[in-house]
Amino acid sequence: MAKHYLYAVTVEWTGNEGTGTSHYRAFSRAHEIRVEGKPPIPGSSDPAFRGDPRRWNPEDLLVASLSGCHMLWYLHLASVAGIVVTRYLDRAEGVMSEGGDGGNGRFERVVLKPEITVKRGADLAEAARLHHDAHVKCFIANSVNFPVTHEPRFVEEA
């Protein structure tokens, strides 16, 4: 029997600068993303869409979600396989294209680029193979309709 999980998130627009959405340039894209019991995440749109570059945008959060999900599965699978990971740093990149009319944008791909430090003597072939398994198990990667690939780089601990 399938298990179901509920994720309740509140997103509140905080960018009314006095005249609401009276015209395109009259309002900020600022908003807060909240989950009960957690600190809020300051959000905005991408700077290309009049957003605040100091705030998270939905595109950042999507790439971060894919990276985080993959990392957590990878660490789990590595521990089960006896591969000791001592550091994991991912510099993930997502590419989004925008339709010619300024809308109809979509992600084309996300590339995860983790640098993984493992204890000396680890089976690097197995460590690399585990990325495939982590990808298959990642709930977020299974929910998107664009390719999510990985280009891991391994470093053996001195």
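This is a short walk through the structure, one selection at a time.

**Before you click**

You're looking at a predicted model, where local features need pLDDT of at least 70 and side-chain atom pairs count only at pLDDT 80 or more, while totals for chains, interfaces and linings use all residues. Numbering starts from 1 along each chain as its sequence is written, and side-chain values use heavy atoms, with hydrogens and water left out.

**Stop 1: the whole chain**

Show everything as a cartoon. You should find 2 helices and 9 strands; helices are DSSP runs of H or I with at least four residues, strands are runs of E with at least two, and both are numbered from the N terminus. Trace the elements from the N terminus and they read β-β-β-α-β-β-β-β-α-β-β.

Zoom out for the overall dimensions. The C-alpha trace spans about 65 × 40 × 35 Å along its principal axes. Its radius of gyration is 19 Å, well over the 15 Å that the globule rule gives for 158 residues, so the protein is more spread out than a compact globule. (That radius is taken over C-alpha atoms, and the rule is 2.2 Å times the number of residues to the power 0.38.)

Turn on a surface next. The accessible surface is about 10,400 Å², with 55% of it belonging to carbon and sulfur atoms; areas come from the Shrake-Rupley method with a 1.4 Å probe, and for residues only the protein chains shown count as cover. Buried residues account for 28% of the 158, where buried means under 20% relative accessible area, exposed means over 50%, and partly exposed is in between.

**Stop 2: the largest core**

Select Tyr 74, Leu 77, Ala 78, Ile 83, Tyr 88, Ile 116, Val 118, Ala 122, Ala 127, Leu 130 and Ala 134 as sticks: these 11 residues are the largest nonpolar core. Such a core is a set of buried Ala, Val, Leu, Ile, Met, Phe, Trp, Tyr and Cys residues joined through side-chain atoms within 4.5 Å. Colour by element and you'll see that α1 (58-81), β7 (114-118) and α2 (124-137) each supply at least two of the core's residues.

Now centre on Ala 127. Beyond its neighbours within four places in sequence, Ala 127 is in contact (heavy atoms within 4.5 Å) with Tyr 74, Ile 83 and Phe 154. A second, separate core has 10 residues, including Val 63, Val 110, Leu 112 and Phe 146.

**Stop 3: rings**

How many aromatic pairs does the structure hold? There are 4, counting Phe, Tyr and Trp rings (the six-membered one for Trp) with centres within 6.5 Å; planes under 30 degrees apart are stacked, over 60 edge-to-face, and the rest tilted.

Pick Trp 13 and Phe 27. Their ring centres are 6.1 Å apart with planes at 85°, so this pair is edge-to-face. Trp 13 sits in strand β1 (residues 10-13) and Phe 27 in the loop between β1 and β2 (31-34), so the pair ties together parts 14 residues apart in sequence. Trp 13 is partly exposed at 40% relative accessible area, whereas Phe 27 counts as buried at 18%.

Then go back to Tyr 74 and add Tyr 88. Here the ring centres are 6.0 Å apart and the planes are at 45°, so the pair is tilted. Tyr 74 belongs to helix α1 and Tyr 88 to strand β4 (residues 85-90), so again parts 14 residues apart in sequence are tied together. Tyr 74 is buried at 0% relative accessibility, and Tyr 88 is buried at 13%.

**Stop 4: an arginine over two rings**

Select Arg 29. Its charged end sits over the ring of Phe 27, 3.9 Å from the centre, and over the ring of Tyr 24, 4.5 Å from that centre. (The criterion: NZ of Lys or CZ of Arg within 6 Å of the ring centre and within 35 degrees of the ring normal.)

**Stop 5: a positive phi**

Jump to Arg 50, in the loop between β3 (41-43) and α1. Its phi is near 70°, a positive value in a residue other than glycine. Most residues other than glycine have a negative phi. Arg 50 is partly exposed, at 35% relative accessible area.

**Stop 6: the tail**

Finish in the segment after β9 (153-156), at Glu 157. Leaving out residues up to four places away in sequence, Glu 157 touches Thr 86, Thr 117, Val 118, Lys 119 and Arg 120. Glu 157 is partly exposed at 25%, while Ala 158 counts as exposed at 96%. Measure C-alpha to C-alpha in your viewer: Ala 158 and Lys 119 are 8.0 Å apart in space and 39 residues apart in sequence.

Notes. Buried < 20%, exposed > 50% of the residue type's maximum accessible area, 1.4 Å probe, protein only.
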